[in-house]
Amino acid sequence: MSNEYSNDPILDMFLFETTQLIEQFEQSILASEKTSCFTSEAINEIFRIMHTIKGSSAMMMFDGISAIAHSIEDIFYYLREENPNHIDCSALSDLVLEGADFIKDEVDKIKNGNNTDGNADELLNSIKGFLSDLKGGNPAGKSTKARKLNAFKAVIYFEEGCEMENIRAYSVIHKLKSMADDLSYIPENIIDDDSSVDVIRRDGFKLFFKTDCSREKTQELLMQTVFLKDLELEQLNDVDLKQFNGPQQVVEEETPQYVHNDNRSHDEKGSPHDSASAKQSIISVNVDKLDKLMDLVGEMVISEAMVVQNPDLKGLELDNFQRAARQLHKITSELQDIVMSIRMVPLSATFLKMHRIVRDMCKKLDKKVEFKIIGEETEVDKNVIEHISDPLMHLVRNALDHGIESNEERLSKGKPDTGNIIIEAKNAGSDVLIIVKDDGRGLNKEKILRKAKENGLLYKSEEEMSDNEIYNLIFMPGFSTKESVTEFSGRGVGMDVVIKNIETIGGAVSAASMPDMGSTITMKIPLTLAIIDGMNIKVGSSCFTIPTVNIRESFRPNENDIFTDTEGNEMIMVRGQCYPILRLYKLFNVNTHITNPSDGILIMTEQDDKTICIFVDEQLGQQQVVVKALPEYIRRFKKTKGLAGCTLLGDGSISLILDIAGLIGLRE
Amino acid sequence: MKTVLVVDDAAFMRLAVKTMLEKNGFKVVGEAENGLVSIKKYKELRPDVVTMDITMPEMSGIEALKSIKAFDPKSKVIMISAMGQEALIKEAVMSGANSFIVKPFKEDHVVSAINKVLLT
């Protein structure tokens, strides 16, 4: 969900609640579809969700949404009350999911500040058509054979002082509905509009309808009206009736038979509410507030360091102070953990959305796929989740579209005709790995190389590329091996959107594959961007920080191990392997006396399987640092690759945080 | 200032009603998301008026209405229903509801309904 809602808290609440409800609705429908039946809990839940959406959207005057919700509510009301035998689960699911899509689209339009201009007429007709078919097939439903219809106009006058004439008028309508067609009446708005009571008192309650009952029967029925003072009943020919049919045809569209509601609404009391809509005690908090809280906690960590590591205290023996400082540190650490965990959100919501995509694509592509989710309880920062959804969707679509073969092809290869797609999330150090795995035809090396050559994306000669490097070519912009563009993929804009999204949050994507066995795409995402474990180092009088997660080892090098390669790059040999050396003072133009490698320290750092040794003066120590972005001014003025941000050290000095991936990139 | 208890299972509706009421000088002293909770809150808070949605899980608005009326016959309860629930409104009125409003409603509807009910 974006943060760009309008400033109207009521609209925000509507969007928030409706979005949540639609997600619950989808889950419920998908679950029911899997078991090919709608349990009474599911029906009740679905009914209530649509009922609520109908009411809320009507309040906010989003009539399109309200109409669709109303029509779906009607279907499930019917299912609840009549419990028909033959429900085409699959067709119903398709239909109502289309309804959900419409509502989702309209809600998105609202979120983006656009008009809700969706035309739901066709969809509405289909949904209503489904319901009337359902009723038609049910023996208790009305028969549709042509009947001889009489047209009538009736005017009803109620006794003076009987009060609530509009409700009494409604009772008449209610009674007539079961035996009349084309019912319309004046005044129209008898429930909403209080002034209708006056109109009825003054002019009587006028009704126009067609029925196959005789005039006597009709008169008898109407005379049964309670508090009836006077009845004028006039038979009309069709022409007269049509004239009056302008106002209020709505009656037929209203949900009939709400009278039975009493007994049923308590059904749910006994059954535990264990469906997908598990309600916990939750309050919704503005993400801006959380961001501010995170910022402040970060500042607090820095301030704590500035107090405890204050240069004034250097060399002093302060036992009591140290004890108090440790206590303080314990508390700030705990506070830090909790605040970070507040922003952590489980991936389950994002993963569950994939069910719908898999289901829809399987239907469209006529493929059978078993879809499994592992580790959805794994949590990531809220900011990060927004950037995972689209890439994940694209990867799943890819797996289904390109990866999994058609049923026949799979059988001919000796594979089971049902394909497998697994999404897995797991923690790996300070990263989260999200893996999309399929057992399809795998990535085609030749095709990839060919396409890369075509688009001029080969940066190395073919022979020198490892399988891994070849597979990872698919992530380069402008790449696509699918000959034709399908609705779902193949436009060459998908994969690099994946990469861009992931890189925005500081993550990485990689691909692995085995021909005919399948492919595995792995997204590595940092848990949180704000606070990292870092190693402080010194170059000259400048401080830098290297994220601990990137450090493999540090050592004082031997002069003999260092040499220069054919292109003039400095390298060092460690245990039989060569690594490039980066002289930090040279890169950042820092004045320092330590230029001889054996006088300083080499820190072996790595990122994405690439390693580089950074030459620094000395190591200062490990510390948790709060990552602050480089100030806008500096970023605009000078693009410095290799810097991920900056931080304040305990003594108040500034340390620049190195971006290892960036540094490695500079070297290449 | 007159006090109100707002009962509806939709958080959105509760917020919408609360906002309308507070704009018009009423004090919303409590909210409830189903019939059961509304009875408990009524007993705790003894508001001047209750706005009660009809369709709710756990216990419907009509059942809660009956309970509240049994507990305090002088209570003022306004039923809020959706379109098409007119038959339920009838039952509610029979069970003692002091008035009713139909969704979607405008601010002045609610306010005038509450004012009318408070006068009786």
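Two strands count as paired here if DSSP finds at least two bridges between them. Keep that in mind for the close-ups below, which come from a predicted model.

**View 1. Strand 13 and strand 22 of chain A run side by side in the parallel sense.** Strand 13 covers residues 542-547, and 3 bridges tie it to strand 22 of chain A. To find one of these spots, look for Cys543(A): its bridge partner in strand 22 of chain A is Ser655(A).

**View 2. A hairpin joins strand 21 and strand 22 of chain A.** Here the pairing is antiparallel, with 5 bridges between residues 643-648 (strand 21) and residues 654-658 (strand 22) of chain A. Which residue of strand 22 of chain A is the bridge partner of Gly645(A)? That's Ile657(A). The turn leaves 5 residues between the strands, and Gly652(A) takes a positive phi near 90°.

**View 3. Step back, and strands 13, 22 and 21 turn out to belong to an open sheet of 5 strands in chain A.** Reading across, the order is 20-12-13-22-21, and the pairing is mixed. Strand 20 (618-626) and strand 21 of chain A sit at the edges, each pairing on one side only. From one strand to the next, the twist averages 35°.

**View 4. Another open sheet in chain A has its 5 strands in the order 6-8-9-11-10.** Pairing is mixed in this sheet. Its edge strands are strand 6 (369-374) and strand 10 (508-514) of chain A, and the twist averages 15° from one strand to the next. Inside the sheet, strand 9 (residues 431-438) and strand 11 (residues 518-526) of chain A run antiparallel, joined by 8 bridges. Asp438(A), for instance, has Ser519(A) as its bridge partner in strand 11 of chain A.

**View 5. Helix 14 and helix 15 of chain A lie across strands of the sheet in View 4.** Helix 14 crosses strand 6 and strand 8 (419-428) of chain A, at about 175° to strand 6. Helix 15 (residues 382-403) lies across strand 6, strand 8, strand 9 and strand 11 of chain A, and runs at about 20° to strand 9.

**View 6. Helix 1 of chain A meets helix 14 of chain A.** The axes of helix 1 (residues 9-34) and helix 14 (residues 348-365) of chain A come within 10 Å and cross at roughly 50°, so the two helices are oblique to each other. The crossing is left-handed. Glu26(A), Gln27(A) and Leu30(A) of helix 1 meet Leu352(A), His355(A), Arg356(A) and Arg359(A) of helix 14. By class, that's 2 nonpolar, 2 polar and 3 charged residues.

How values were computed: Residues are numbered from 1 along each chain as its sequence is written. Chains are lettered from A and ligands numbered from 1 in the order in which they are written. This is a predicted model: local features need pLDDT of at least 70, side-chain atom pairs count only at pLDDT 80 or more; totals for chains, interfaces and linings use all residues. Axes are lines fitted to C-alpha atoms, for helices over the stretch in contact, and angles run from 0 to 180 degrees between N-to-C directions. Angles under 35 degrees count as roughly parallel, over 145 as roughly antiparallel, 65 to 115 as roughly perpendicular and the rest as oblique. A crossing is left-handed if the near helix is turned anticlockwise from the far one by less than a right angle, and right-handed if clockwise. Two residues are in contact if their C-beta atoms, placed from the backbone, lie within 7 Å. Ala, Val, Leu, Ile, Met, Phe, Trp, Tyr, Cys and Pro count as nonpolar, Asp, Glu, Lys and Arg as charged, and the others, Gly among them, as polar.
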